[in-house]
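Reader: I should be grateful for a close look at a single strand of this protein. Please describe how it is placed, what pairs with it, and what surrounds it.

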Amino acid sequence: MVTQRGGMSWRTADIEMNTSTTGGIMKGIKRSLAGNSFFLNQYTAKSDNQQIAFGLSFPGEIMTHDVSGGRDLIAQKNAFIACTDKVDIDIFFNKKLGAGIFAGEGFILERFSGDGLVFIEIDGKMKEYTLAPGEKLVIDSGYLAAMEPTVTFDIEFVKGLKNIAFGGEGLFLGNLTGPGKVWLQTLPITGLTRLFGSGGKSM
């Protein structure tokens, strides 16, 4: 298993840890740009029936995704928890200029490919949608946890001066266009920051 620096919660005794850049300096730099650690820890069981556990940095869920067979996954920055050793961790540049500047996720996301399992962090609960070709889903971009590479992520302006001034959604919303699967999260850190920053919300 490969994990973020400091990502292990506990393990049984007969597991060996090795810290390295895992792919070289350039790979380490790319991971840093996507919000991950420059160094990764690789854990190898030295005997059968060993166990290792990884935790979350924020209340939520762990999503498991098999990238084998070309099932690449694009995820939010800082989403990576752990993966099996044949998974490739890289950065993904959002080709849509507007989405990169205004949608809150920036130009750089994380891309996982190769062969094996990847475990990513979901803030709050997870909701999965399968979008048909051309089908759109409009979101507050902080709620995007992950998507398949076939999904296009762009932004749209909030329409109407009253909506902009009093709606609380800001100037821009995210646009996800199919085909492909998207995974949303119910409690992004950005939303929690707004909640406490405004003194809380009435339900």
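Author:
**A close look at one strand**

The chain folds into four helices and 17 strands, both taken as DSSP runs numbered from the N terminus (helices: H or I, at least four residues; strands: E, at least two). The model is a predicted one, in which local features need pLDDT of at least 70 and side-chain atom pairs count only at pLDDT 80 or more, whereas totals for chains, interfaces and linings use all residues. Residues are numbered from 1 along each chain as its sequence is written, and side-chain values use heavy atoms, with hydrogens and water left out.

The part chosen here is strand S11, which spans residues 117–123. Six of its seven residues are buried, so S11 is largely enclosed by the rest of the structure; buried means under 20% relative accessible area, exposed over 50%, and partly exposed in between, with a 1.4 Å probe and protein chains only. Across the chain of 203 residues, buried residues make up 40%.

The sheet comes next. S11 belongs to an open sheet of six strands in the order S3-S4-S1-S8-S11-S6, with antiparallel pairing; two strands count as paired if DSSP finds at least two bridges between them. The edges are taken by S3 (15–20) and S6, each having a single partner strand, so one side of each has no neighbour in the sheet. On average, neighbouring strands of this sheet are turned by 25° against each other, direction ignored; the axes are lines fitted to C-alpha atoms (for helices over the stretch in contact), with angles running from 0 to 180 degrees between N-to-C directions.

S11 has a partner on each side in that order: S8 and S6. With S6 (residues 60–66), it runs antiparallel and is joined by seven bridges; Gly60 of this pairing stands opposite Asp123 in S11. With S8, the antiparallel pairing extends over three bridges, and Cys83 has Val118 of S11 as its bridge partner. Elsewhere in the sheet, S1 (residues 2–4) and S4 (residues 40–45) are likewise antiparallel, over three bridges, with Gln4 bridged to Leu40 in S4. In a regular strand the side chains alternate between the two faces of the sheet.

Val118 leads from the sheet into the interior. The largest nonpolar core has 18 residues, and those touching the most other members are Leu73, Phe80, Cys83, Phe112, Val118 and Ile120. A nonpolar core is a set of buried Ala, Val, Leu, Ile, Met, Phe, Trp, Tyr and Cys residues joined through side-chain atoms within 4.5 Å. At least two residues of this core are supplied by each of S7 (73–75), S8 (80–83), S9 (87–93), S11 and S14 (144–147). The largest share, three residues, is that of S11. A second core, separate from this one, has 13 residues, including Leu109, Ile139, Leu176 and Leu184.

Leu73 shows what meets the strand from S7. Setting aside residues up to four places away in sequence, Leu73 touches Val118 and Ile120, as well as others including Phe112, Arg111, Met63 and Trp183; contact here means heavy atoms within 4.5 Å. For the chain in general, 78% of the contacts between residues at least 6 apart in sequence join residues at least 24 apart.

Charged pairs complete the picture. There are three salt bridges in the structure, a salt bridge being a side-chain nitrogen of Lys or Arg within 4 Å of a carboxyl oxygen of Asp or Glu. In one of them, the side chains of Lys125 and Glu61 meet at 3.8 Å, N to O. Lys125 is in the loop between S11 and S12 (126–131) and Glu61 is in S6, so this pair ties together parts 64 residues apart in sequence. Lys125 is exposed, at 55% relative accessible area, whereas Glu61 is partly exposed, at 24%.

A second salt bridge joins the side chains of Arg111 and Asp72 (3.1 Å, N to O). Arg111 lies in S10 (residues 108–114) and Asp72 in the loop between S6 and S7, 39 residues apart. Arg111 is partly exposed, with a relative accessible area of 25%, while Asp72 is buried, at 15%. Among the residues that Leu73 touches is this same Arg111.
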